[in-house]
Amino acid sequence: MELKEISNKVAELVYSGASIDLSDELALFIEEQHEPATKTIEPESRAEKVGRWIKDDISGNYVKNPEFDSEDDNWSEVEFITPGSDDVYRIVLIGESVARCTHFPHEYCAARVVEKMLAESIPDRKIEVVDLAKEGMRFEQLMEVVSESVLLSPDMVIVFAGNNWQPGSSLGTPYNFNMLQKTVGTSEQTQFIKDTLTDSLKSNINDFKELLTGINAEYNIPVLYVMPEFNLGDFKPARKEYVSHFLPGNKMKIWSEAYDSCLHAEDSGDWEEVKKIAGKMMDIDVEHPFAYEMMAKYFEHNGDLYQRRIFLEQLKDKALINAIGTSAPRRFSIIRELVNDILKESPITVVDLQEVLAKHSKDGIPGSEFFLDYCHLNLKGIHLAMGAVASQVASILGVSIDAGSMAAIESSVSERVLSITHFQAAIHNYYVGQHYPLLYHHCCEALRYADNELIEAYRKSCILFSKRSSIIFSDEVRFLSEIYPFENFSIFGHPRNKKLMFLELVDAMSEALKVIKGVEIEDEIKKNRISEYRITEEPVCLLESPYSERSFQEFLCDEDYAYYRAHEMHSAFTFVVDALQDIKLDITARIPDFAFYDVDSTVKIYINSHLYKITRVGKEWTSIKLILKRDYMQAGVNKLEFEWPVPGKHVIRRQHKTLGLPGKIINMIYYTFAEVFSIRATVHNSDIKYIG
């Protein structure tokens, strides 16, 4: 009898008031404890594995493991890997998507580029580069594949990774949760988070060093580590990374007023005032990215590129704490510092792409001249990076060839592939919440390399993206699939219940089609949007994804809530009208922490950036009914915006007693200005009296 069964029986007898005699049961339990343990079953022997490849005992080759079929598009397309040959120098290249060269076809990746450079520059040496890179490879899997790679008998190991090393889960322990609770809203909380994440990263990088130095020592294999770089010049934090932190006392009010003043100073061209206000904002909230962005703009205006780079680096690094691992992948500055410090006295050769790309950038700040998005390199960036790697490999082999000569060795990439690569990059950048200029850049590049068939494909894509239904089920997608050379079709899909209008992406491609190719589709897109999304007599909820989201870069855990939570001072929603009728809005909202703060309940509502109404929202669910006059709207896409009240001061500290990552931790770190249960829009029937 199990001890749990005995305790349950005791509880039943106590509850019934009966006498308790469990001597027989206890004797049986004690006897069972002295019985020999169940015989251990020997684990079934498994074949040797390297990444997604498993050893075939008959041929001796490593072949694709069916267990990894669901990840097939993430790995190299290599069907099998041979045991190797004594007359071939074998290099194993392991890495994340940056090594896989995301957005390019599988045959054009870091391994193939390095292999071609070495083959042409050292023709008397047979060199093979085995591609073990995988999109989305996390740190734990990277360590696993590095350990397994020795089974391929390599002569050298190259690791190209560092973008997927976010350690956010290290905060999810009871002790850390209690520490966050005790220090909520203070500089001590920020420092605690930094220290916790840094300790986690330091532990990982020490393990990484131990593994690589162990391979070097045990197998006498040279090891080379390639440290990624980030698109500092053109990649911006996603909109939902600009969330407002909880600040004690009246600091949130002071910060919000400074925010408005800083934007006003920028608009008026008073850059010294921008610097002054941004510095004040950083003193109040050291982690919010806005002030760092404004400081970078100030130093760009003044031509101080050194200081501009410093603030762009800090802007990029804010995601380490602000997003806790959910932002676009990146190599944080602390990772670079730790790697350089921990590996400096090891036998591991480090190729730092920050140094490599800085030399080839006119201002030392890499941007879209090297990158397709946040970290994935374009054609020029790949050649510069792999040229530096190939030069180091040649040096290890006793051959002196400079990185520039290696980078000059061309790889055969057709204009058609380049066009589609930039098209994919435009879509991906939209998915992660990038701004219009970056989307437009890649749309223009896609069209510069496009043939007539691709131009028609991009035109059709704009029409498909503008439809309400998922384009994966559209008849037109067959046309694209016939000419699309990549197997990975996921860029045309979207998460369940997360269909978007793709507004900025479609607008960027529409403008690029007109400017680069003279093809005009704006009117067709406008008609399509009105047909698919316009408000009618049937209620439309503006909290649904097409109206409330402009990218798939969701803010942390908000999908778990039954209502929209505003973590910013402003919340914007999109709606589409034909401009022939007035629109009726029925809004239900509240300020959840009203009792904990000195909050003015005034809410400002804007239509297309014009103040339309001032109303109030309290701690209880409040109903707001509005009639939007057609004179304030335009045919097609319109913007509804709320400016929420900012607390004047903190009255009572709210306690969060339940551990949950990331939900409860996010509740402590960030402030929720308002919660919105519904925004229902319908065409207004003028025959019905409606109070607005």
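## A walk through the model, starting at T536

Let's start with a small detail: a polar atom in the side chain of T536 sits 3.3 Å from the backbone nitrogen of E538. Keep in mind that this is a predicted model, so everything here is read off computed coordinates. T536 itself belongs to the loop that joins α22 (522-533) to β10 (540-541). Is T536 buried or partly exposed? Its relative accessibility is 23%, so T536 counts as partly exposed, given that buried means under 20%. Setting aside neighbours within four places in sequence, T536 is in contact with T682 and V683. There is also Q581 to look at: 45 residues separate Q581 from T536 along the chain, and their C-alpha atoms are 9.6 Å apart.

Now zoom out for a moment. The protein has 692 residues, and 54% of them are buried. They are organised around 24 helices and 20 strands. If you take the contacts with a separation of 6 or more, 77% of them link residues that are 24 or more positions apart.

With that background, move along to S601 and T615, which touch each other. S601 is in the loop between β14 (597-598) and β15 (602-607), while T615 is part of strand β16 (residues 610-616). Both turn out to be buried, but take them one at a time: S601 counts as buried because its relative accessibility is 13%, and T615 does so because its value is 15%. What else does S601 touch, beyond residues up to four places away in sequence? Besides T615, the list has I591, F594, R616, V617 and P645. From the other side, T615 is in contact with S601, T602, V603, I605 and I624, again leaving aside neighbours within four places. K604 is worth finding too, since T615 and K604 are eleven residues apart in sequence and 6.5 Å apart in space, C-alpha to C-alpha.

Next up is a buried arginine. R330 sits in the loop between α12 (319-322) and α13 (333-343). With a relative accessible area of 2%, R330 falls below the 20% cut-off, so it counts as buried. Where does its side chain go? It reaches the backbone oxygen of K316, at 2.9 Å. K316 also appears among the residues that R330 touches, along with G162, N163, Q166, F230, F235, E241 and A319, not counting those up to four places away in sequence.

Then there is a pair of helices to trace, α17 and α18. Helix α17 covers residues 415-431, and its 17 residues should span 24 Å at 1.5 Å a residue. Its end C-alpha atoms are 24 Å apart, so the model agrees with that expectation. Most of α17 is covered, with 14 of its 17 residues buried. Just after the helix comes G433, which has a positive phi, near 80 degrees. Helix α18 takes in residues 436-448, and its axis comes within 7 Å of the α17 axis, crossing at roughly 165 degrees. The two helices are therefore roughly antiparallel to each other, since angles over 145 degrees fall in that class. The crossing of α17 past α18 is left-handed. On the α17 side, the contact is made by S419, H422, F423, A425, A426, N429 and Y430. On the α18 side, L438, L439, H442, C443, E445 and A446 do the job. It helps here to recall that an α-helix has 3.6 residues a turn, so residues three or four places apart point the same way.

Helix α7 can be checked in the same manner. Its 33 residues, 187-219, should span 48 Å at 1.5 Å a residue, and the end C-alpha atoms are 48 Å apart, so this helix agrees as well. N220 follows α7 and has a positive phi, near 55 degrees.

To finish, look at two other residues for their backbone. S153 is not a glycine, yet its phi is positive, about 55 degrees; S153 lies in the loop between α5 (139-148) and β7 (156-160). F502 also has a positive phi in a residue other than glycine, near 55 degrees. You'll find F502 in the loop between α20 (477-483) and α21 (503-517). Its relative accessibility is 2%, so F502 counts as buried.

Technical notes. Residues are numbered from 1 along each chain as its sequence is written. This is a predicted model: local features need pLDDT of at least 70, side-chain atom pairs count only at pLDDT 80 or more; totals for chains, interfaces and linings use all residues. Side-chain values use heavy atoms; hydrogens and water are left out. Helices (H or I, at least four residues) and strands (E, at least two) are DSSP runs, numbered from the N terminus. Buried means under 20% relative accessible area, exposed over 50%, partly exposed in between (1.4 Å probe, protein chains only). A polar contact is a pair of N or O atoms within 3.5 Å; within protein, one must be able to donate a hydrogen and the other to accept it, and residues adjacent in sequence count only if both atoms are side-chain atoms. Contact means heavy atoms within 4.5 Å. The expected span of a helix is 1.5 Å times one less than its number of residues. Axes are lines fitted to C-alpha atoms, for helices over the stretch in contact, and angles run from 0 to 180 degrees between N-to-C directions. Angles under 35 degrees count as roughly parallel, over 145 as roughly antiparallel, 65 to 115 as roughly perpendicular and the rest as oblique. A crossing is left-handed if the near helix is turned anticlockwise from the far one by less than a right angle, and right-handed if clockwise.
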